[in-house]
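I opened this one cold and kept notes as I went. Here is what I looked up, entry by entry.

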Amino acid sequence: MMHFLLLFSRQGKLRLQKWFLPLPERERKKIVKDMTTMVLSRKPRTCNFLHWKDLKIVYKRYASLYFCCALENKDNELLALEILHRYVELLDKYFGNVCELDIIFNFEKAYFILDEFLMGGEIQETSKQSIAKSVEASDMLQETMEEYMSKPAF
Amino acid sequence: MTPSVRLQEMIRVIRSARTQGEERGIIQRECADIRAQFRQGDNGERSHSLAKLLYVHMLGYPAHFGQMECVRLIASPRYSEKRIGYLGAMMLLDEKQDASLLITNSIKNDLSHSSQYVQSLALCTLACMGSAEMCRDLAPEIERLLRASNSYIKKKATLCAVHIIKKVPELAELFTPSARTLLSEKNHGVLHGAVVLITELCKRNPDTLDQFRKAVPELVQIMKGLVTSSYSPEHNVAGISDPFLQVRILRLLRILGHNNDTASDAMNDLLAQVATNTDSSKTAGSAVLYETVLTIMDINSESGLRVLAVNILGRFLLNNDRNIRYISMTSLQKIVQTDHNAVQRHRGTIVDCLKDQDTSVKRRALELSLALVSAVNIRSMMKELLIFLSFCPPELRSQTASGIFNAAERYSPSKRWHIDTILHVLTTAGGDVRDETVPNLIQLITTASELHCYTVHKLYRALVKDIAQSLVQVACWCIGEYGDLLLKGECEEIEPMQVTEDDVLDALETVLQSHMSSPATRGFALTATMKLSTRITDNVDRIRSIVSIYGSCIDLELQQRAVEYNALFKKYDHMRAAVLERMPVMDKNLPGHTNGDTPGEIKEPDTSKPKPVEAGLLSEPASQVCDLLDLLGGTDTPLQPSPAPTSTPTTTSSADLLDLLGGLEPTPVPTVSVYEKNGLSLKIQCDKQTETEVTVSLIASNSTQNDITNFTLQAAVPKSVQLQMKAPSGNVIPAHGLGQVTQTVLLNNPNKASLKMRIRVSYSNQGAMHQDTVLIDSFPSTACQPSISPL
């Protein structure tokens, strides 16, 4: 099970945080700080796995964003790399050539997509098309309601 | 301004702030705005405000005042508001907040909503932050959704059930029946969720595990379908059909096949198929292969399969991708104990990985290399490890050093190699070794008595060059102990180097005065200097002056030592040699050995010496003691009976004592007669071994007409002297001086007290019992000519 998923920029600014375990706010802040320090200090051609406390940390850099997740001992690190990649593909499909700015200005959509892909730290859907369809349908539902109420979305 | 851009406008404004202070100001204004919005109630703007608040929260600013707003929005009938409300709940609420309970009712309602997207929002939120009470409340709903809904909801309900079981393990039975039926679903999402659910159920309850073993054939079938299926665009990742599902099924198979032969047999073929057919050129394939290898190693697989698995790991080791090399070493680490030989085949590659640039890879390679060290490859492995130690990153140094020490201790081919290795480590990484290395090394050096000369030469040279504390401590101890060997100059195994007494004292003084020396190190150096006073000849005055300087040192430990050593010089000069003599070989199991104190402590030698006397005392029957005490006029010097000829007299440490202190050839000394009466004559012969040890031989002869039988000797000495009687050569002395009985007595006189000995003889002659006592007054230390006063 994944414990958390973080996205942060090269300067250490947090762009997305998803926690699959209940942790107090103070604890979360500390973890974010630890993760950013650890991952940002890694040299370019080192492997993508780290050890932190009793968790395995898997991270991957896509353009200017670092995707970082924490796994339990039994989880498969190579598969986690695939999970991160799948999420990036989903974002790319949705936003069309996604870049960091898309995620900054539409963070709530990034969350909605994530919530269609992962749940409780596990994968809920393995088909890209299926996820894309559900997100599209939800957006439609929102828009339809908004049209009805004659008020646009956020 | 249209509301649709209000959120994005705020983000833009915040990002354009040039300083942290400016940003804080903007945030404060916005938050005030948001709060006002919340107070206004329902006006269609609430969702925008909450969205803005969530952004502010992500920047790290407090946002707790939005919690109640989340609760309200979740209860709203509008989908857009629900959506942002649930997102806010997941971000701002967790089970520890009271407000989280308030949404339970909304979730319950939404679980039965007509729109599946609303249902999905509720399920997602419950799986993310549902507390134990919420889970208990809503579990029946989830179970219903597991059974009777479309696949979109089923897959979410399954993962929600997993969360519920984690929070409330007792509810596992509720979900067990439905879990089984879910395996027959075609939808991959539901299938994946089902496998996760079954894994969780099996983890919690061994009975459930047995139950689900029956599902192994079904799982094998599903896997086979995935592996051999034709290209399916929906699930394909780099040529592998749904690697996520494959990995999950393999993991479940691992749990089901563990320690169970039938289940393991059922999956053997499948695992072989997956292992051989999966293309590992991309990460997805490698992920599946990796999981397969883990499964093979964990179940009762046949040996051919295990060999296949290890070979796959070996292939991974040679992969260009660093991640895969790291993974393979992690897996090899897990199996190195059970499949040692198989892993040994890849030792070369593993050792090469020590030179990799990545620290994580280095760490794995180090652990694995240390696990692979064996008696066969110790020399070559140690060479590699020592090279690694010189270049390794600082965080790995101490682990490497201790690993090397352990390996050297278990497999060292010779003592000299062992000492060389430890010295090498100390010179390379002396600052990173653990404290118990010092006494361990010293103990090792004392056992290698033939290498004392070599060791002390090497250490002296190292001391001159280096300042690592552990090394300095060991070097000081050795120089103090074996300084005479150092000064002799030649040593076969090392190039000759002339070391004068001044050089040695200079080196020790440098250590004493250096800023880098820790107090413990200074203690070592001071004691070593003192010990040298008995081993060198010319510069005793210099030592005296060094020692007296430290008598006023601020450090309490050093001051105490210096004062005691001063006293040794002044009042107790006659005891100095005895006190500072060579240490015996240290037994590793002696208590108090590894307490980290300097083993050069004066008190230590005494602990080994009283042992033989105590052993003898314990075996003495009480009645005899009283008798003898009377005889000796009330003094409490213990009398030792001569042991029976068949008893084994000594403990080994005493014998070693003599060995180390030996080396002096006993010069033939005259026999002196001490007793002559009734035809029985007793002579003694002194062999002086060292300044404190005397071997006394008592020779009894018989000039009467008849044999003397039941001849026994008993001896007593003053308290400060230790006595040990060896077995007599016999207890019958033949008549007419035709034969003699000899008995050896070992005396140890560390305090150089005046030696006296009382001897009581008892024998039978012609049927009559005779007893008599002889007092031998003094044994002068040089001549050993006793003066006798018969009683």
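**Entry: a pair in one helix**

I started with Arg364(B), which is buried at a relative accessible area of 10%. A predicted model is what I have here, so the values in these notes come from computed coordinates. Arg364(B) has a salt-bridge partner, Glu367(B), and their closest N and O atoms are 3.0 Å apart. Why do Glu367(B) and Arg364(B) sit about one helical turn from each other? Because they are 3 residues apart in helix H22 of chain B, which covers residues 359-372. I checked the partner's exposure too: Glu367(B) comes out at 22% relative accessibility, so it counts as partly exposed. The cut-off for buried is under 20%, which means Glu367(B) misses that class, while Arg364(B), at 10%, is buried.

**Entry: pairs across the sequence**

Next I looked up Lys531(B). Its side chain meets that of Glu481(B) in a salt bridge, 2.7 Å from N to O. Lys531(B) belongs to helix H30 of chain B and Glu481(B) to helix H28 (residues 469-488), so this pair ties together parts 50 residues apart in sequence. Are these two buried or exposed? Both Lys531(B) and Glu481(B) are buried.

Then I went to Asp506(B) and Arg542(B), another salt bridge, with the closest N and O atoms 2.6 Å apart. This one also links distant parts of the chain: Asp506(B) is in helix H29 (residues 501-513) and Arg542(B) in helix H31 (residues 540-549), 36 residues apart. I noted Asp506(B) as partly exposed at 38% relative accessibility. Arg542(B) is partly exposed as well, at 21%.

I also found a group rather than a pair. Arg46(B), Glu69(B), Arg72(B), Arg78(B) and Glu81(B) are joined into one network by salt bridges that share partners. For the overall tally, I get 42 salt bridges over all chains.

**Entry: an arginine without a salt bridge**

Side chains of opposite charge can pair when their charged atoms come close. I wanted a case where that does not happen, and picked Arg522(B), which is in helix H30 (residues 519-532) of chain B. Arg522(B) is buried but has no salt bridge. How far away is the nearest side chain of opposite charge? That is Asp555(B), at 6.4 Å. A salt bridge needs the atoms within 4 Å, so a distance of 6.4 Å does not qualify.

What does the side chain of Arg522(B) have 2.8 Å from one of its polar atoms? I found the backbone oxygen of Ser514(B) there. Leaving out residues up to four places away in sequence, Arg522(B) touches Val511(B), Leu512(B), Gln513(B), Ser514(B), His515(B), Ser517(B) and Leu558(B).

**Entry: where the two chains meet**

I turned to the interface. On the chain A side 63 residues are in contact with 72 residues of chain B. The area buried between them is about 6,300 Å², and carbon and sulfur atoms give 59% of it.

How many salt bridges are there between chain A and chain B? I count 6. One I looked at pairs Arg83(B) with Asp139(A), with the closest N and O atoms 2.9 Å apart. The interface also has 21 residue pairs in polar contact.

Which parts of chain A supply at least two residues each to the side that touches chain B? They include strand E2 (14-19), helix H1 (25-40), helix H2 (77-95) and helix H5 (128-149). H5(A) gives the most, with 13 residues. By class, I noted 28 nonpolar, 15 polar and 20 charged residues on that side of chain A.

**Entry: the chains one by one**

Last, I wrote down the make-up of each chain. Chain A has 5 helices and 7 strands, in the order β-β-α-β-β-β-α-α-α-β-β-α along the sequence. Of its 154 residues, 59% count as buried. For contacts in chain A with a separation of 6 or more, 47% involve residues 24 or more positions apart.

Chain B has 37 helices and 12 strands. Buried residues make up 55% of its 791 residues. Among contacts in chain B between residues at least 6 apart in sequence, residues at least 24 apart are joined by 66%.

Terms used:
Residues are numbered from 1 along each chain as its sequence is written. Chains are lettered from A and ligands numbered from 1 in the order in which they are written. This is a predicted model: local features need pLDDT of at least 70, side-chain atom pairs count only at pLDDT 80 or more; totals for chains, interfaces and linings use all residues. Side-chain values use heavy atoms; hydrogens and water are left out. Contact means heavy atoms within 4.5 Å. Buried area is the accessible area (1.4 Å probe) that two parts lose on being put together, summed over both. A polar contact is a pair of N or O atoms within 3.5 Å; within protein, one must be able to donate a hydrogen and the other to accept it, and residues adjacent in sequence count only if both atoms are side-chain atoms. Helices (H or I, at least four residues) and strands (E, at least two) are DSSP runs, numbered from the N terminus. Ala, Val, Leu, Ile, Met, Phe, Trp, Tyr, Cys and Pro count as nonpolar, Asp, Glu, Lys and Arg as charged, and the others, Gly among them, as polar. Buried means under 20% relative accessible area, exposed over 50%, partly exposed in between (1.4 Å probe, protein chains only). Lys and Arg count as positive and Asp and Glu as negative; His and the chain ends are not counted.
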